[in-house]
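Thank you all for coming; I would like to take a few minutes to walk through one model with you. Please have the sequence and the three-dimensional view open while I talk.

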Amino acid sequence: MAEVLVYVDHVDGAVRKPTLELLTLARRLGEPVAVALGNGAADTAATLAEHGAVKVLTHDAPEYAEYLVVPKVDALQAAHEQVSPAAVLVPSSAEGKEIAARLALRIGSGIITDAVDLQAGAEGPVATQSVFAASYTTKSRVSKGTPVITVKPNSAAVEAAPAAGAVESLNVTFSEQATGTKITGRTPRESTGRPELTEAAIVVSGGRGVNGAENFSIIEALADSLGAAVGASRAAVDAGWYPHTNQVGQTGKSVSPQLYIANGISGAIQHRAGMQTSKTIVAVNKDPEAPIFDLVDYGVVGDLFEVVPQLTEEIKTRKG
Ligand code: FAD
């Protein structure tokens with residue numbers, strides 16, 4: 001059976017959820033071989049094996065932490081040479097997309113970014129993408145070289161699928177460019193205790209209807225009752241009510257959660273572009289004609305200042 005390389009996104013050995021989702025997709029294409037790099041790489045093996053990795057190639061060196069992405073590209077290229085995989089799957093983070101693009105260029109392959117689904121096809125993996133501000137869904141495949149595909153978070157379920165997960169160390173020789181761009185400092189983001197927006201299973205967003213920075217506390221309270229991340233429309237961000245890092249849409253982040261709750265958001269095309277692939281969409285809006293209602297699975301016509309706190313209380317009560 002063909003092997004499929006999966007690039008592992010992890011923090012000191014703790015595997016991030018998008019990588020486990022990649023393993024689910026990789027198993028549709030062949031036998032997943034995971035590539036884990038940097039501090040704690042070997043510690044990822046047990047989790048990766050539980051989710052279907054037949055092999056885990058690991059390598060640790062200070063270069064991974066001290067320099068930008070090129071050392072990781074060198075390593076992934078070494079893994080590609082060792083395995084000759086049927087495809088290389090990388091999480092669609094900013095870093096993942098840069099690694100994937102550089103790898104594709106090095107190995108002379110085509111690349112597909114931001115896939116939201118992946119299926120085996122007669123002529124190689126077929127990737128589904130949501131394009132042109134989510135107006136169209138396309139299916140495409142790479143016709144040259146080993147397909148390199150980045151996949152958006154929440155595109156597949158995390159599934160337990162115990163496999164051998166045999167750990168092998170990867171031989172990596174760093175290229176001259178590897179040490180070209182040094183990381184001079186890191187400023188950890190202040191933690192809100194909420195999940196990362198692009199990875200969250202549930203996103204609760206607020207728009208212009210929230211009517212002030214201080215009122216975002218009711219959006220946050222609903223998010224916290226659900227263990228969700230908080231998003232915002234550009235109107236809310238431009239008004240200075242919520243940070244730009246939380247903006248959802250064409251010029252913000254693209255999210256694909258299981259559940260997206262839009263509060264006081266009209267549903268402009270540029271907002272839809274960032275959330276239209278959410279599995280279930282709920283909107284609270286006082287205007288029954290708001291375009292967001294064309295998109296939703298469940299819509300509540302009402303004042304968010306009445307509806308959202310009631311929803312939060314109901315969820316808290318049901319959760320006990
Ligand atoms: P509005 O369109 O003003 O809608 C507010 C909604 O709140 C209305 O539907 C209203 O009925 C409802 N409402 C008001 N009060 C209440 C209440 N008390 N209870 C319930 N409902 C209430 N937008 C993005 O979001 N993300 C992007 O990334 C983005 N990128 C853009 C890029 C470009 C190049 C351009 C031109 C625009 C972009 N926009 C983006 C802006 C986009 O066009 C809209 O202007 C924006 O999404 C509107 O935000 P909104 O829905 O919060 O506000």
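Let me begin with a question: which residue in E5 is the bridge partner of Ala34? It is Val56, and I should say at once that what we are looking at is a predicted model. That pair belongs to the contact between strand E4, residues 31-37, and strand E5, residues 55-59, which pair in the parallel sense over 5 bridges.

Stepping back, there is an open sheet of 9 strands, with mixed pairing, and its order reads E9-E8-E7-E10-E6-E1-E4-E5-E11. At the edges we find strand E9, residues 136-140, and strand E11, residues 166-169, each of which pairs on one side only. From one strand to the next, the twist averages 35°. As a general reminder, the strands of a sheet pair through backbone hydrogen bonds, in either the parallel or the antiparallel sense.

Let me now turn to strand E12, residues 202-206, where 5 of the 5 residues are buried. Both of its faces are covered, with Ile202, Val204 and Gly206 on one side and Val203 and Ser205 on the other. In a regular strand, the side chains alternate between the two faces of the sheet.

What does E12 pair with? Strand E14, residues 259-263, runs parallel to E12 and is joined to it by 5 bridges, and within E14 the bridge partner of Ile202 is Leu259. E12 is also joined to E13, again in parallel, by 4 bridges; here Val203 stands opposite Ala229, while Ser205 has Gly231 as its bridge partner. Together with helix H6, residues 216-226, the strands E12 and E13 make a right-handed β-α-β unit.

Looking at E13 itself, residues 229-232, we see Ala229 and Gly231 pointing one way and Val230 and Ala232 the other, and all of them are buried.

Returning to E14, I would like to single out Asn263, which is found in that strand. Is Asn263 buried or exposed? Asn263 counts as buried because its relative accessibility is 0%. Asn263 and Val282 are 19 residues apart in sequence, and their C-alpha atoms are 8.6 Å apart in space.

Finally, let us come to the ligand, which is surrounded by 25 residues, the closest being Arg208, Ser233, Thr251, Ser266 and Asn285. Among the polar contacts, an N or O atom in the side chain of Gln247 is 2.8 Å from an oxygen atom of the ligand, and a polar side-chain atom of Gln270 lies 2.7 Å from a ligand oxygen atom. Leu304 contributes through its backbone, with an N or O atom that lies 2.8 Å from a nitrogen atom of the ligand. How much of the ligand does the protein bury? Taken alone, the ligand exposes 990 Å², and the protein buries 76% of that.

Conventions. Residues are numbered from 1 along each chain as its sequence is written. This is a predicted model: local features need pLDDT of at least 70, side-chain atom pairs count only at pLDDT 80 or more; totals for chains, interfaces and linings use all residues. Side-chain values use heavy atoms; hydrogens and water are left out. Buried means under 20% relative accessible area, exposed over 50%, partly exposed in between (1.4 Å probe, protein chains only). Helices (H or I, at least four residues) and strands (E, at least two) are DSSP runs, numbered from the N terminus. Two strands pair if DSSP finds at least two bridges between them. A crossover is right-handed if, with the strands pointing away from the viewer, the path from the first strand over the helix to the second runs clockwise. A residue is near a molecule or strand if one of its heavy atoms lies within 4 Å of it. A polar contact is a pair of N or O atoms within 3.5 Å; within protein, one must be able to donate a hydrogen and the other to accept it, and residues adjacent in sequence count only if both atoms are side-chain atoms. Accessible areas come from the Shrake-Rupley method with a 1.4 Å probe; for residues, only the protein chains shown count as cover. Axes are lines fitted to C-alpha atoms, for helices over the stretch in contact, and angles run from 0 to 180 degrees between N-to-C directions.
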